[in-house]
Amino acid sequence: SRRRRIVDSPSSPAEEPLVPYNDDEDDERRVLDHSGRAEEVGRRVETEEEDDDDDDDDDPYGRGSILDKSNRQVEVRRDCPYLDTVNRQVLDFDFERFCSVSLSNLNVYACLVCGKYYQGRGKKSHAYTHSLEAGHHVYINLRTEKVYCLPDGYEINDPSLDDIRYVLNPRFSREQVEQLDKNKQWSRALDGSDYLPGMVGLNNIQKTDFVNVTIQSLMRVTPLRNFFLIPENYQHCRSQLVHRFGELTRKIWHARNFKGQVSPHEFLQAVMKASKKRFRIGVQSEPVEFMSWLLNTLHADLRTSKKSSSIIHKCFQGELEVVKETQNKAISERKEGGGEHNGALKIMDGATENNNSGTETYRMPFLMLGLDLPEPPLFKDVMEKNIIPQVPLFNILKKFDGETVTTTVRPPARMKYRVTRLPQYLIVHMHRFTKNNFFREKNPTLVNFPVKNLELKDYIPLPAPTKGNEKLRSKYDLIANIVHDGKPDEGFYRVFVQRKSEELWYEMQDLHVSETLPQMVALSEAYMQIYEQQQ
């Protein structure tokens with residue numbers, strides 16, 4: 001190889017060891033340039049290569065090297081002297097991947113010594129400058145997960161960095177996903193604290209507790225979680241929101257995190273963009289509105305055609321039969337306007353008209369059911385205290401028995417609802433907040449509900465199963481309960497969730513996660529609940 005270098009080029013690469021050597025192209029070029037002598041040289045080099053199999057001339061360093069995209073050769077080394085400067089305590093991959101100098105999101109590297117993000121690794125790039133100024137030499141590419149040493153420019157191939165790659169982009173095999181609900185093991189963060197995968201706190205960035213409680217409760221829906229843990233399931237989807245939700249799901253359930261909490265920062269940015277700032281950091285919103293928007297948007301982004309279903313509808317979609325009684329004037333107005341009822345799926349079962357009123361029956365799908373609470377008492381009792389009324393869940397579920405009449409003001413109508421198909425996961429929410437011209441009021445009524453074995457068929461008429469041998473599944477268990485504490489405009493949200501592997505209940509409020517008793521779950525001011533159908 002030494003002889004070859006001397007023969008081949010007048011300015012030998014031995015003087016410039018940083019310019020890697022590409023033999024095939026050079027040989028061909030030389031054959032074209034100097035006909036006779038160079039051909040001989042080319043032949044001589046080839047025969048030398050055949051003789052000496054061990055001499056790997058693709059790799060002048062003898063340590064293994066690869067070509068990067070721009071055909072520069074990148075040396076791969078295992079013996080980097082700077083690996084002990086990597087500081088895992090400062091690494092946080094939850095935030096947006098932007099260069100901290102240029103604010104560009106292209107080709108971003110994280111400095112593994114100080115945790116900051118910089119762009120590029122060429123000689124004029126911010127990462128290269130940082131490596132010279134600060135003396136920080138180890139960088140990871142946030143997209144390809146390759147680790148480089150700057151300013152030297154070689155790639156580091158060392159298995160000790162795999163834990164950082166797992167935190168940057170958590171991965172789950174299908175077998176691991178199947179075992180998640182059986183895992184009772186705690187994980188340990190770098191600071192020595194213990195955490196449960198799937199039960200990690202979420203950072204409240206600024207009044208984003210309404211997002212946190214929604215995410216924590218959706219993480220208990222097993223098919224939804226399993227779908228988002230494996231990115232191959234939604235590879236076809238171009239929506240940023242879907243991919244960010246998947247990333248967040250994987251981070252929450254990952255057992256090898258460096259810290260026992262997650263910041264949903266990138267997900268919130270995707271939410272702000274997708275909702276056109278309807279939901280944004282720093283402005284409190286209602287979880288029920290966010291849940292409804294999130295489920296509908298995820299469904300629209302995931303489905304491949306207008307009529308196809310998605311994991312969202314498979315989990316949460318049920319069907320209602322609505323009987324609507326309206327005044328004749330309203331009916332004629334709507335016929336002229338040709339208005340659709342909330343874009344609902346209409347299956348007209350028949351419309352009858354009397355002299356002054358008309359009735360129409362149609363079916364519509366639902367993702368959640370809204371329950372009306374009774375009005376709280378206006379007057380104080382003898383002890384000068386407002387009595388907090390209590391109501392059983394079954395009383396307010398009667399809205400869906402097909403007989404109870406619910407009146408709507410705009411447009412004026414009398415509605416009756418009956419459930420014709422139950423979903424696998426039933427989301428119910430209590431209308432706690434009412435707005436009038438002056439202020440927002442909160443209804444403090446406590447709802448008494450069972451944590452296990454909610455039997456719906458005793459309280460609302462349910463359709464017989466379509467297949468003869470199929471059993472009607474109408475028993476549900478609570479898996480998540482969102483609660484609102486405090487005044488209507490100043491309060492905050494927390495959530496009670498169940499951990500499947502041990503059937504224990506945990507209370508979660510942003511970063512705070514603590515075990516609690518099932519009895520405490522039932523004593524709270526329930527705002528929104530998710531029930532799982534017993535199989």
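Which residues are linked in a network of salt bridges? The points below take up this and related matters for what is a predicted model.

1. Salt-bridge network. The residues linked in a network of salt bridges are Glu319, Glu321, Arg363, Arg418 and Arg421. Thr420, which has its place in strand E18 (residues 413–421), touches several members of that network, since its contacts, leaving aside residues up to four places away in sequence, are Glu319, Leu320, Glu321, Arg363 and Pro463. With a relative accessibility of 11%, Thr420 falls under the 20% limit and therefore counts as buried.

2. Overall composition. The protein chain has 535 residues, of which 47% are buried, and its secondary structure comes to 15 helices and 28 strands. Where contacts in the protein chain join residues at least 6 apart in sequence, 64% of them join residues at least 24 apart.

3. Helix H9, its length and its cap. Helix H9 runs over residues 240–253, and at 1.5 Å a residue its 14 residues should span 20 Å; the C-alpha atoms at its ends are 20 Å apart, so the expected and the modelled values agree. The N-terminal end of H9 is capped by Ser239, a side-chain oxygen of which lies 3.2 Å from the backbone nitrogen of Leu241.

4. Helix H9 and its surroundings. H9 is mostly covered, with 12 of its 14 residues buried; among them are Leu241, Val242, Phe245, Leu248, Ile252 and Trp253, together with charged residues including Arg244, Glu247, Arg250 and Lys251. The cover over these buried residues includes two strands, E10 (201–202) and E11 (261–262), as well as the helices H7 (209–218), H8 (222–229), H10 (265–274) and H11 (287–302).

5. A salt bridge within H9. The side chains of Glu247 and Arg244 meet in a salt bridge, with a distance of 3.0 Å from N to O. Both Glu247 and Arg244 lie in helix H9, three residues apart, which is about one turn of the helix, and both are buried.

6. Salt bridges between distant parts of the chain. The count of salt bridges in the model comes to 26. One of them is formed by the side chains of Glu145 and Arg171, at 2.3 Å from N to O; this pair links distant parts of the chain, for Glu145 is in the loop between strand E5 (138–141) and strand E6 (147–149), while Arg171, 26 residues apart from it, is in the loop between helix H5 (162–168) and helix H6 (174–179). The two partners are covered to unlike degrees: Glu145 counts as buried because its relative accessibility is 10%, whereas Arg171 counts as partly exposed at 38%.

7. A second bridge of this kind. The side chains of Lys442 and Glu525 meet in a salt bridge, at 2.8 Å from N to O. This pair also links distant parts of the chain, 83 residues apart, with Lys442 in strand E21 (residues 440–442) and Glu525 in the loop between helix H15 (518–522) and strand E28 (526–533). Both Lys442 and Glu525 are buried.

8. Cavities. A search of the whole structure finds five cavities of 30 Å³ or more, and the largest cavity has a volume of about 160 Å³. Its lining is made up of 16 residues, of which Asp181, Arg225, Trp253, Arg499 and Lys500 lie nearest the centre; Trp253 is also among the buried residues of H9. Helix H8 and strand E25 (492–499) each supply at least two residues of this lining.

9. Backbone points to inspect. The peptide bond from Leu150 to Pro151 is cis, with omega near 5 degrees, and Pro151 lies in the loop between E6 and strand E7 (154–156). Asn107 has a positive phi of about 55 degrees although it is not a glycine; Asn107 is found in the loop between strand E2 (73–77) and strand E3 (108–111), and it is partly exposed, with a relative accessible area of 44%. Lys276, again a residue other than glycine, has a positive phi near 50 degrees. The place of Lys276 is in the loop between H10 and H11, and since its relative accessibility is 74%, over the limit of 50%, Lys276 counts as exposed.

Terms used:
Residues numbered from 1 in each chain as written. Predicted model: local features only at pLDDT ≥ 70, side-chain atom pairs only at ≥ 80, totals over all residues. Heavy atoms only, no water. Helix = DSSP H or I, 4+ residues; strand = E, 2+ residues; numbered from the N terminus. Expected span 1.5 Å × (residues − 1). Buried < 20%, exposed > 50% of the residue type's maximum accessible area, 1.4 Å probe, protein only. Contact = heavy atoms within 4.5 Å. Polar contact = N/O pair within 3.5 Å; in protein donor to acceptor, adjacent residues only side chain to side chain. Salt bridge = Lys/Arg side-chain N within 4 Å of Asp/Glu carboxyl O. 1 Å grid on protein atoms, 1.4 Å probe; cavity = no way out; pocket = protein on both sides within 12 Å on 5 of 7 lines; lining within 4 Å. Points joined across faces, edges and corners; volume = space filled by probe spheres on them.
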